[in-house]
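Reader: I'd like a close look at one part of this model, with the residues spelled out so I can click through them. Could you pick a single helix and walk me through what surrounds it, then add a few words on the strands elsewhere?

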Amino acid sequence: MRKWTMASAGLLLAGTLGSVWTGSPAWAQTSGPNASYSSPGSDFYSANPVPLTKPTWTAALDAPKSSSASNPSAVTAGQGRVYYIAGGKLIAKAAATGKTLWSFGTGLGDAAIADSNGTALYVGAKDGSIYRVDAATGQGARIYRAPSGQMPSVSVDGGTLYVFAGGSLISVDLATGKEKWRNQDGKSLPQRVGGTLLSGAVESGAITVYTTYAIDPATGKTLWRLSGDHSGLLKSEGDKLYFQDQWPNADYVETSANIDEVDVKTGKITASKKFVAKTEGGSPVYPPSKVVMDGNDVYAAVAGEGVYRFNYDTDPAVVKPELIADRGEFIAGPYNGKLFFLNEDNRGIHARKVVDRSMVYYNGPDNPASRIDMIQSGLFVGQTDGTVYALNVSTGKALFRVQTAARSYGAFQVESGMLLVQAEGQLYAYPLPSELMKPASTGSAAGAFMKSDAKVTLDGKALALPAGTGVMTTDNRMFIPFRSLTEALGAKVAYDAPTKRTTVTYGSRVFSIADGSPFALADGKQVALTYSPATLNDSLYVPIKDFGDLLGVQVKWNAGTRTVEVSKEAAAAK
């Protein structure tokens, strides 16, 4: 028996009588009082305000080989062209128009296409062959065949082609096509850090661990294996590598993040740091679900709490971590001064500004997101209902949406003003508004500060600040340009490039501060600041309270005249 609801009955009557009858006939209730459901916002008359855009062009890709395949076919772009593999062929199209420029080969596989500075492409075939193809003409020839006869993965680094096939990492000279060496330790295509290749591997024994091998790029010799169980590389800086230690230990439940410093030459762990997050009552929180490093900042996400922000160099007894509270799942960032979260109900996304923790809403996304990518000022969100949204990462405004038949996506890419959407078995190209192709502001302070009309006086006299600077505000705090004020006081200011710290000498006071560092250094000891200094318009800014405390001068805010009043006589009187 067919079941009816009032909504379906209304539609029927509207179509046959030209008007909607709103009575309640007995037959409308035969399905029972609990037999229908309408989700808020999903009613048939609700209009989506985000403009729906049609593609400039489309192309068929090979269908996913499994239901979990999110990147079923290789797609890459550059030099105004888009390259992809479909039907065993490498195809080149003009990114702006979708015009087919050339096609090459047969039996090519779905491994990544390696691009050599936009001049040549390297693709693997199912029989282990690797072909070099001229990016402009599509002419190509085989240069190497993997001995395993398996479909290889490939990458290019300078004059070397790296091949992973049959459990071996192989180095091939691009000029001659001759094999240089093989290494059976690394189980993935390598990442170059300085003069060393890093290759990750998952190894099973008593327990399964993730480790990293370091390989000499000249000889293929394994230099070292990272002991224990570690994440992938969090950061590299000089001769140091940073990994999250994931090895089970007795106090793991009390630790937000354990990070090991590793010497890139020896693989030895030279230092280990524990970043412990605690509740307001002093109890340790659970281990993190995600840890990332950005410069000297360590971000540790704790489910149901938010993200704890640590500074890698701080003394935990002096500087406490900052909690960027949020109940959603931390998925990306920092980018454009923000951390990005799924909404609590998993429908849509939002962000928190790092500096003031204020929320940024991204209008439009309303279903679970299966992929997001940030490119320039664009935030691109692919949903499991097949909708893709293009948003401004700074403002949260949705500029357009597109409809696909996909549930998962390959990486979104931008080329020649076009957004390339790889949606399972289809490739789409959409024109992008110019505002999404502009560079996004960077740094933790991005988008969080506003210029104030406040003035600054020194001992009662107006202080002229350099052009382009002024008083800035964020999170109900005022920040002033540090160097111009310290020099106006007669202090000496020096910047040390290796440590990236600015040292100030003012009478008997000597201290240093740095962009993004939540502490000052004075007499070799850390002094906690109310807020980390921030670089804005190429000038370092500090909160007015920290300025006064560090230099021993009096700083007052006169709300009536909207003036920051600095008085150095106050220092002498103390």
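Author: Here's a walk around helix α3, followed by a shorter stop at some strands. Keep in mind that this is a predicted model.

Let's begin with burial. Helix α3 covers residues 544-551, and six of its eight residues are buried, so the rest of the structure largely encloses it. If you want to select the buried ones, they are Ile544, Asp546, Phe547, Gly548, Leu550 and Leu551. Right after the helix comes Gly552, whose phi is positive, at about 75 degrees.

Now for the packing. The largest nonpolar core has 26 residues, and the ones touching the most other members are Ile513, Phe547, Leu551 and Val566. Two of those names, Phe547 and Leu551, also appear among the buried residues of α3. Several elements each supply at least two residues of this core, among them α2 (482-489), β44 (509-513), β48 (539-543), β50 (563-567) and α3 itself. The largest share comes from α3, with four residues.

Phe547 is a good place to zoom in. Setting aside neighbours within four places in sequence, Phe547 is in contact with Ile480, Phe482, Leu485, Thr486, Leu489, Val542, Val553, Val555 and Val566. There's also a second, separate core of 17 residues, and that one includes Tyr362, Met374, Leu391 and Ala440.

Since you're a computational chemist, you may want the pocket too. The second largest pocket has a volume of about 210 Å³. Its lining is made of 14 residues, and those nearest the pocket centre are Arg509, Ala522, Val527, Asp549 and Leu550. At least two lining residues come from each of β44, β46 (525-528) and α3. Here again α3 gives the most, with four residues of the lining. Leu550, then, is a buried residue of the helix and also one of those nearest the centre of this pocket.

That's the helix; on to the strands. Strand β23 (residues 297-302) is mostly covered, with six of its six residues buried. In a regular strand, side chains alternate between the two faces of the sheet. Asp297, Tyr299 and Ala301 point one way from β23, while Val298, Ala300 and Val302 point the other way, and all of them are buried.

β23 has a hairpin on either side in the listing. With strand β22 (residues 290-294), β23 pairs in the antiparallel sense over five bridges, and Met293 has Val298 as its bridge partner. Two residues separate β22 and β23 in their hairpin, and Gly295 in the turn has a positive phi of about 65 degrees. With strand β24 (residues 306-311), β23 runs antiparallel and is joined by six bridges; there, Val302 stands opposite Gly306. The hairpin of β23 and β24 has three residues between the strands, and Gly304 in the turn has a positive phi of about 80 degrees.

One last stop is an open sheet of four strands, in the order β18-β19-β20-β21, with antiparallel pairing. β18 (230-237) and β21 (269-275) are the edge strands, each pairing on one side only. From one strand to the next, the twist averages 25 degrees. Within this sheet, strand β20 (residues 257-263) and β21 are held in antiparallel register by six bridges, and Ala257 stands opposite Phe275 in β21.

Key
Residues are numbered from 1 along each chain as its sequence is written. This is a predicted model: local features need pLDDT of at least 70, side-chain atom pairs count only at pLDDT 80 or more; totals for chains, interfaces and linings use all residues. Side-chain values use heavy atoms; hydrogens and water are left out. Buried means under 20% relative accessible area, exposed over 50%, partly exposed in between (1.4 Å probe, protein chains only). Two strands pair if DSSP finds at least two bridges between them. Axes are lines fitted to C-alpha atoms, for helices over the stretch in contact, and angles run from 0 to 180 degrees between N-to-C directions. A nonpolar core is a set of buried Ala, Val, Leu, Ile, Met, Phe, Trp, Tyr and Cys residues joined through side-chain atoms within 4.5 Å. Contact means heavy atoms within 4.5 Å. On a 1 Å grid over the protein atoms alone, a cavity is a set of points where a 1.4 Å probe fits but cannot get out, and a pocket is an open set with protein on both sides within 12 Å along at least five of seven lines; lining residues have an atom within 4 Å of a point. Grid points are joined across faces, edges and corners, and a volume is the space filled by probe spheres set on the points.
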